[in-house]
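Grab a pencil and take a look at how the domains of each chain meet. Try each task yourself before reading its solution.

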Amino acid sequence: MFFLSLIEHTLRLPPHLLNLPLDQAIKGELETLFLDKVIANLGLCVSVYDIRNIDGGFIFPGDGASTFTVNFRLIMFRPFVGEVLSGEVEESDAKGLRLSLGFFKDITLPAHLLPNPSKFGEDGKWTWDFNGTELPIEKEDEIRFKVHSIRYPPIPVEQEKDAKPFAPMVITASIDFDGLGPISWWV
Amino acid sequence: MILRLQTNAGTLTNFEVLDFLRSRGASTDSTRVIANVAPSEFQVYDYLVQSAARNQTRESIDEFLTSWVKFDPAKAEKLNLINIKPSPAIEIDSIVENCEQRMGNEDEALVKMIIEMLPAPGKPEGTNEDPTEVVADQEAMEAVLPPSTKPRGTNEEETVETVGDQDSVQTLSFSTVTIYLYVV
C-alpha cells in the first residue's frame, strides 16, 4: 500500500524561515508543498520520510530567498493492482459503491465488479444473491476489496457548478473473488 | 522543479508506516495535538491503528516471513498477507495465486501458523473509550518494539550540509546592534 519515493526538488526557502535550523526549515517547506497532495503516477503523499541531501543555498539576484536542491524520500500511498485492502462503505447508489480508507475516499466499486447475481434494493443497499442466500452490504461493514485499476484523471479546465469535487486519483475496486466483500460474508 | 529519481525506492508494510508515525509522536490519546504530526498524517495513523498492523512487531513479521519462505511467495503476496492477516483459508485464496497447487493439504497447518505468528487485531479500539487501557497497550507495545526505528533494507546515508552555524552568528550580531541603539 505504501512505498518510498526518492525525489529531487529545487526548493526556494522563504527568508522568514532563516532563523530555524536548516533541516527543520526545509522539512517544513517540503511538508507544506507535498503532504496530502497527489503526484501523478506516484500516488498520494503521506509523509516526508527523510532528507538525504541538501545542496546549494544559492541566492539568485533580485531574490531575498535562498534556493536549495534537496534529495528526499516521501512515503507515497499507491496500492498496486491486485492488492487486497480493507475499507468502509461511504456511499451506495445504483451505479455502484464508494469506499473509503479514512484518509482516502475516492475508491469506486462499480456495479459490474460486484459478485455476479447482485441487485440494488430500494433501501439503497446492494445485495448478493449467493445460491439463494441473500447477503447484503451494510453501511458499517468492513469491506475487503481488490484493487482493479488506478487512474489519474487530468485536471479539468472548467467544471460545471454542481459537479462533484475533482478527484486527482481514483481507485477502482472489485469484490468479485472468493474472500472479498464484507468480512461478515465469509466468517 | 521536481525530478523523480526513483519512483519506487522500497515498499513499506503498514506496520513500518505505523512505526514511523509513532516515532514522530502520533498516538490515539489526547497528547496528539502537541505532536509534530500533521492532521492528514493523523488520518493515516487512525486507519492503520485499527488495521491488522496494530499489534505487529518487527520480530513477529520476521518470523512470519522466514516460515513462509518454503512456499516461495511473491513480494506482492507477502505484502498482502502481512497487511491483511487473512483468517479463513478462503481469504488466503484471494491473496496467494494457485493456492491449491502450491499448498494443497498443508492449508490448515498454514492458517494456524499465520494466526499464531501475526498477532490478531482483536476488537478495534475506540479512541476515547478506555483511555487507561489504550495508554497501557501503547506502553507495552513500545517496550516490545526495538528502540531504533531504522527501517529494513534502506541506505542510511544522510548528508546534510549545515549552514546553520552561520545563521546563528548572524542573528547574534543583529541583536547586539539593537542593544547599542537603545543605549545611545
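Here are two exercises on a predicted model.

**Exercise 1.** Find out what the contact between domain 1 of chain A and domain 2 of chain A is made of.

*Solution.*
- Step 1: Start with the bounds. The assignment puts domain 1 of chain A at 2–77 and domain 2 at 83–185. Nine residues from domain 1 and seven residues from domain 2 take part in the contact.
- Step 2: Now the area. About 620 Å² is buried between the two domains of chain A, and carbon and sulfur atoms give 86% of that.
- Step 3: Look for salt bridges between these domains: the count is zero. Residue pairs in polar contact, both at pLDDT 80 or more, also come to zero.
- Step 4: Check the domain 1 side that touches domain 2 in chain A. Its residues split into seven nonpolar, two polar and no charged.

**Exercise 2.** Which residues form the salt bridge between domain 1 of chain B and domain 2 of chain B?

*Solution.*
- Step 1: Get the bounds: in chain B, domain 1 is 14–54 and domain 2 is 57–117.
- Step 2: Apply the cut-off: a Lys or Arg side-chain nitrogen has to sit within 4 Å of an Asp or Glu carboxyl oxygen. B:Asp19 and B:Arg58 fit, with their closest N and O atoms 2.6 Å apart.
- Step 3: Put it in context. The interface in chain B has one salt bridge, plus two residue pairs in polar contact (both at pLDDT 80 or more). Its buried area is about 480 Å², with 50% from carbon and sulfur atoms.

Terms used:
Residues are numbered from 1 along each chain as its sequence is written. Chains are lettered from A and ligands numbered from 1 in the order in which they are written. This is a predicted model: local features need pLDDT of at least 70, side-chain atom pairs count only at pLDDT 80 or more; totals for chains, interfaces and linings use all residues. Side-chain values use heavy atoms; hydrogens and water are left out. Domain bounds come from an automatic or database domain assignment. Contact means heavy atoms within 4.5 Å. Buried area is the accessible area (1.4 Å probe) that two parts lose on being put together, summed over both. A polar contact is a pair of N or O atoms within 3.5 Å; within protein, one must be able to donate a hydrogen and the other to accept it, and residues adjacent in sequence count only if both atoms are side-chain atoms. Ala, Val, Leu, Ile, Met, Phe, Trp, Tyr, Cys and Pro count as nonpolar, Asp, Glu, Lys and Arg as charged, and the others, Gly among them, as polar.
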